Amino acid sequence: MKKILAPFILIAGLLIGSTPLFAHHGASVVYDLEQSVTISGVVTDFQFINPHVLIFFEVENADGIKVVWSAGLTSPNRLARNDGWTRDLFKAGDQITITGSPARGGAPSLWVEMVLDGQGKELLN
Amino acid sequence: MRLLTIMIALFLGAGVLQAQMPNSDAHSAMTTEMMDHGADLSGVWNGRRAPEARAYGGFGFSAELPPMTEWATARFETARPTFGPNSATVADTNDPVYKCFPPGTPRIYFHPFPMEIIQLPGRVMMVFEYDHLIRQIYTDGRGHSEALSPGWMGDSIGHWEGDTLVVETTNFNDKTWIDRRGVPHSEELKVVERFQISDDGILQIDIMIEDPVAFTEPWSGQRQYGRVDWDIGEFMCMDNVSFLGFEQEILEFDE
């Protein structure tokens with residue numbers, strides 16, 4: 001029994017013991033918070049979840065290739081209280097424009113500063 | 001059959017009535033207690049930060065460090081917090097809260113989520129949105145329990161001095177930090193809080209911190225809360241684990 005469990009305990013230990021649990025405080029590790037870019041696209045998925053709300057949106061690059069970008073925000077309860085967000089705010093196919101800090105390693109991902117809907121309305125206070 | 005239904009209904013009804021009796025007593029006791037001291041702390045409260053505290057209010061009670069003993073200084077120097085002048089990255093921190101241990105008292109006040117105070121006869125409950133932590137502050141005249149193992153949030157006993165709730169909390173383990181920049185404490189920690197609502201409706205918590213092992217003298221800090229028209233929601237620490245995969249994918253991205 002011990003032999004069977006050992007690898008699982010090791011993996012759990014690595015997960016809890018050595019990896020960052022609060023990525024929002026480590027956002028500067030993943031994202032270059034000094035930089036800011038604005039990207040428009042079409043929403044493919046909207047996850048109104050803890051600890052961070054995530055928006056996925058498809059963007060066509062200069063070569064005509066479609067790339068799915070991700071965008072991370074604060075927690076759902078803070079967005080609901082401060083900005084009036086709900087879980088139904090976006091649906092697949094919605095136009096969206098996001099300004100945020102780009103990922104340091106070049107991944108198609110942003111740490112969000114501002115979100116505009118298809119009509120150009122600012123959705124963050 | 002109808003008779004049986006009526007009998008069951010009467011039986012259940014009697015049960016409900018019986019069950020309501022203590023509640024009814026409890027309500028009148030609460031009313032009396034509230035009239036006695038004239039303060040009602042109940043409600044949902046969100047942290048407020050004075051403009052002058054903007055630079056440090058997220059991680060400490062003041063810009064300066066408290067008066068630490070050699071024992072505490074040695075521990076402080078090994079702390080790798082994610083806030084303050086000595087901050088480390090999340091990957092390198094040894095902050096116990098990043099392993100989802102409770103932040104402790106008074107550090108819980110530095111986590112930026114609201115809390116609800118529920119005032120009951122003989123007991124004041126603080127329900128924190130962060131990790132749904134609860135503090136039970138007994139105001140029924142009992143003393144500190146001798147039967148508790150050292151705890152993360154401590155054992156809180158309160159009493160009213162006029163409209164001020166005075167709470168003494170002891171029985172801590174030494175695994176938490178006082179704040180978010182790594183100031184340590186020992187199991188000798190004693191926290192005395194004074195809860196008071198100002199004329200403009202602000203909840204002020206004056207916090208006196210004593211620990212002869214960690215500090216050369218008692219010192220104090222203050223936190224302020226404003227009433228909000230919110231319900232306490234969820235923010236569970238372990239949800240952060242689910243974010244790791246998302247973050248890892250971005251870190252490991254290779255064009």
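The legends below accompany close-up views of a predicted model, with chain B as their main subject.

**View 1. The elements of chain B in order.** Chain B holds 3 helices and 9 strands, and, followed from the N terminus, these elements run α-β-α-β-β-β-β-β-β-β-β-α. Among the contacts in chain B with a separation of 6 or more, 55% join residues that are 24 or more positions apart. Chain B has 255 residues, of which 28% count as buried.

**View 2. The contact of chain B with chain A.** Chain B gives 23 residues to this contact, and 23 residues come from chain A. Sorted by class, the side of chain B that touches chain A consists of 14 nonpolar, 4 polar and 5 charged residues.

**View 3. Length and bend of helix α3 of chain B.** Helix α3 of chain B takes in residues 239-251, and because each residue adds 1.5 Å, its 13 residues should span 18 Å, which agrees with the 19 Å that lie between its end C-alpha atoms. Along its course, α3(B) bends by about 25 degrees, and the bend is placed at Gly245(B).

**View 4. The buried residues of helix α3 of chain B and their cover.** Four names make up the buried set of α3(B), namely Asn240(B), Phe243(B), Glu247(B) and Ile250(B). An α-helix has 3.6 residues a turn, so residues three or four places apart point the same way. The cover over the buried residues of α3(B) includes two elements of chain A, the helix α2 (27-30) and the strand β5 (109-117).

Methods: Residues are numbered from 1 along each chain as its sequence is written. Chains are lettered from A and ligands numbered from 1 in the order in which they are written. This is a predicted model: local features need pLDDT of at least 70, side-chain atom pairs count only at pLDDT 80 or more; totals for chains, interfaces and linings use all residues. Two residues are in contact if their C-beta atoms, placed from the backbone, lie within 7 Å. Ala, Val, Leu, Ile, Met, Phe, Trp, Tyr, Cys and Pro count as nonpolar, Asp, Glu, Lys and Arg as charged, and the others, Gly among them, as polar. A residue is buried if 20 or more other C-beta atoms lie within 10 Å of its own, exposed if 12 or fewer, and partly exposed in between; C-beta atoms are placed from the backbone. The expected span of a helix is 1.5 Å times one less than its number of residues. The bend at a residue is the angle between axes fitted to the seven residues ending there and the seven starting there.
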